[in-house]
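Dear colleague,

Please find below the structure that I am handing over to you. I would be grateful if you would keep it open while reading the notes that come after it.

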Amino acid sequence: MKKYKITLLLLTLTFLGCSDLEEQPVGVLAPESFFKTTADLQAVINGSFAGLSTESFWGRKLSLTLLLRGDMADIGDQGTSGRRREVNNFTMADDNGMVSAFWPQAYSIIGTANQAISNANLIDEEESKVNEVVAQAYFVRAFTYYHLVRLFGDIPYIDFAVADAADIATISKTPEDEVYANIISDLMFAKQWLPNIQPSSALPSKATAAAYLASVYLTTKEYQNAATEAQFVINKEDDFDLALESDFQDLFNSDKTAGLHEPLFSIDYVGQTRVGNYGQDYIAPVTGIRGDASYDYGEGWSVAVPSLKVYNTWDGRDYRRAVSLDTTATSKEGLVYPYTEFEDYSDLAVNRPHIAKYYRNAGLAGNNGRESSNNYIPMRYAEVLLIAAEALNEINGGAPEAVSYINRLRDRARMETMYPMDVPVGLSQEELRKVIIEERRLELAFEFKRWYDIKRLNIGVEAFGINGLEPQPNFDESRDYLLPLPGPELARNPNLLPNNTGY
């Protein structure tokens, strides 16, 4: 094997519900010197998972981009940075600071996963034991590429451990279809080798890989495969220790994290001392109410705030609305204000309900709710039911089984009311399709899914039109379903040219 040196920043995570994040700079190592046991392999993979929780990825840049790009969250504080307004208003260029931050972080996560995958063969242990661990690296690589390909289309696909920067200096873009094929291959390996249950949802299980396979197939319109993978999870929910939480609010309460059965995968913000960019969670403050003193960790910033139409069109009998949105705030003087008067106590607040899912129960938190104990849930069991329902309806319009999956979610949403009512059997394919997409919008509100739904369903003109939830006159369907590749990357490597259409 060719000898080369790699610099590894290994972040050891002990996954016990909320875990301790500890930085251990290992320095410059030859792979043969480091990769001795599966524990060494796990340490590298943990570094890849830790990379997801950086400020430049899920902590703010990628997650906020996804929120603002959809039609469920608009800019509240108009004094916020221009790069955020550009993402929201469809006026961004290829030098936008949001994209130029999460793009390199994504490839850093992928690069760490590639080191684990490429060097797993150095470990002299039972093959099945090694594969069970390295399957996590296949998963996190697929997870990261799945975000990139949906956002950018054709992208550089790197699946090897980089020994020398020259190895990638002239790499070109891989067609979108090939990227999806590689993602599917990675997830199939992960599904084959991952265990049924992990000690924490911060590590992927067999069900996690299958759920993401179902999601990828839904995106690529391979509906039979999507249904097969989703129902694989559903039919084995007991084996995978999965269930819908009885109280929807528990999913967004950091104190309840350890006992949840609905998450299939979590990005772990551990509520401990942070190291540099790692573990920095800004989602709570950017969605919280400016000037609010309801919580002891300080006020929010009113950056990503739903339009008033999001609130007004959401039936108040649906328990999910109360969980998803804050409609009151407390001033520093202890006075409680309804959302219609938020601007009366802060000139930077806006008179709209705010996103409550991450701000209301942030747990152990630093200044303004940063460094929270939130575990963000990119995939939960409810979405698997929604994927199965949508895929089955596309295969067999009005499929009764699809209806039954939606009604499981509606049953939880009712709590002590009679709303939302069960979906009746007998709807046409188009009628049920509208019900399912609307159910996704409400069930997964503000969970970083809506932009991807708008794109895959090709409904941008409707979503951002004059009658949409968030009218955006700048939306151009010939341009805006893809983000621009970062200009600095194109300057460094002209093989990535041309940029996406319109940039």
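The notes below describe what was found, beginning with charged pairs and ending with enclosed and open spaces.

Please bear in mind throughout that this is a predicted model.

Salt bridges

Side chains of opposite charge can pair when their charged atoms come close. In this structure the count comes to 36 salt bridges.

Asp480 is a suitable residue to begin with. Asp480 forms a salt bridge with Arg69, and the closest N and O atoms of the two are 3.8 Å apart. This pair links distant parts of the chain, 411 residues apart. Asp480 sits in the loop between α18 (460–463) and α19 (487–492), whereas Arg69 belongs to helix α4 (residues 61–69). Are the two partners buried or exposed? Asp480 has a relative accessible area of 1%, and because buried means under 20%, Asp480 is buried. Arg69 also counts as buried, at 1% relative accessibility.

Asp480 has another partner, Arg479, with the closest N and O atoms 2.7 Å apart. Arg479 has a relative accessibility of 22% and therefore counts as partly exposed, the class that lies between under 20% and over 50%.

A further salt bridge joins Arg290 and Asp77, whose closest N and O atoms are 3.0 Å apart. Arg290 lies in the loop between α11 (283–287) and β5 (304–305), and Asp77 in the loop between β3 (74–75) and α5 (82–89), so the pair ties together parts that are 213 residues apart in sequence. Arg290 is buried, with a relative accessible area of 17%. Asp77 is buried as well, with a relative accessible area of 8%.

Some salt bridges share partners. Such bridges join Glu262, Asp318, Arg320, Lys357, Arg380, Arg410, Arg412, Glu439, Glu443 and Glu447 into one network.

Helix α17

Helix α17 covers residues 450–457, and 7 of its 8 residues are buried, so the helix is largely enclosed by the rest of the structure. Which residues of α17 are buried? They are Arg450, Trp451, Tyr452, Asp453, Ile454, Lys455 and Arg456. The elements that cover these buried residues include α4, α7 (127–152), α9, α14 (381–395), α16 (429–443) and α18. Just after α17, Asn458 takes a positive phi of about 60°.

Aromatic pairs

The count of aromatic pairs comes to 33. In one of them, Tyr282 and Trp301 are tilted, with 6.0 Å from centre to centre and 50° between the planes. Tyr282 is in the loop between β4 and α11, and Trp301 is in the loop between α11 and β5, so that the pair links parts of the chain 19 residues apart. Both Tyr282 and Trp301 are buried.

Tyr337 and Tyr345 form another pair. Their ring centres are 5.0 Å apart and their planes stand at 45°, so this pair is tilted. Tyr337 and Tyr345 are both buried.

Ring pairs also build a cluster. It consists of Phe49, Trp58, Phe139, Phe143, Tyr212, Phe248, Phe252, Phe265, Tyr358, Tyr376 and Phe448.

Cavities

How many cavities of 30 Å³ or more are there? The count comes to 4. The largest cavity holds about 180 Å³ of space. It is lined by 20 residues, and those nearest its centre are Arg150, Ser215, Glu383, Lys449 and Tyr452. Tyr452 has already appeared above as one of the buried residues of α17. At least two lining residues come from each of α7, α9, β10, α14 and α17. By type, the lining of the largest cavity divides into 10 nonpolar, 3 polar and 7 charged residues.

The second largest pocket

The second largest pocket holds about 570 Å³ of space. Of the 36 residues that line this pocket, Ser200, Ser201, Leu260, His261 and Pro263 are the closest to its centre. Three elements, α9 (206–219), β4 (263–268) and β10 (375–380), give two or more residues to the lining. Which element supplies the largest share of the lining? It is β10, with 4 residues. The lining of the second largest pocket is made up of 18 nonpolar, 15 polar and 3 charged residues.

Yours faithfully,
A colleague

Terms used. Residues numbered from 1 in each chain as written. Predicted model: local features only at pLDDT ≥ 70, side-chain atom pairs only at ≥ 80, totals over all residues. Heavy atoms only, no water. 1 Å grid on protein atoms, 1.4 Å probe; cavity = no way out; pocket = protein on both sides within 12 Å on 5 of 7 lines; lining within 4 Å. Points joined across faces, edges and corners; volume = space filled by probe spheres on them. Nonpolar A, V, L, I, M, F, W, Y, C, P; charged D, E, K, R; others polar. Salt bridge = Lys/Arg side-chain N within 4 Å of Asp/Glu carboxyl O. Buried < 20%, exposed > 50% of the residue type's maximum accessible area, 1.4 Å probe, protein only. Contact = heavy atoms within 4.5 Å. Phe/Tyr/Trp six-rings, centres within 6.5 Å; stacked < 30°, edge-to-face > 60°.
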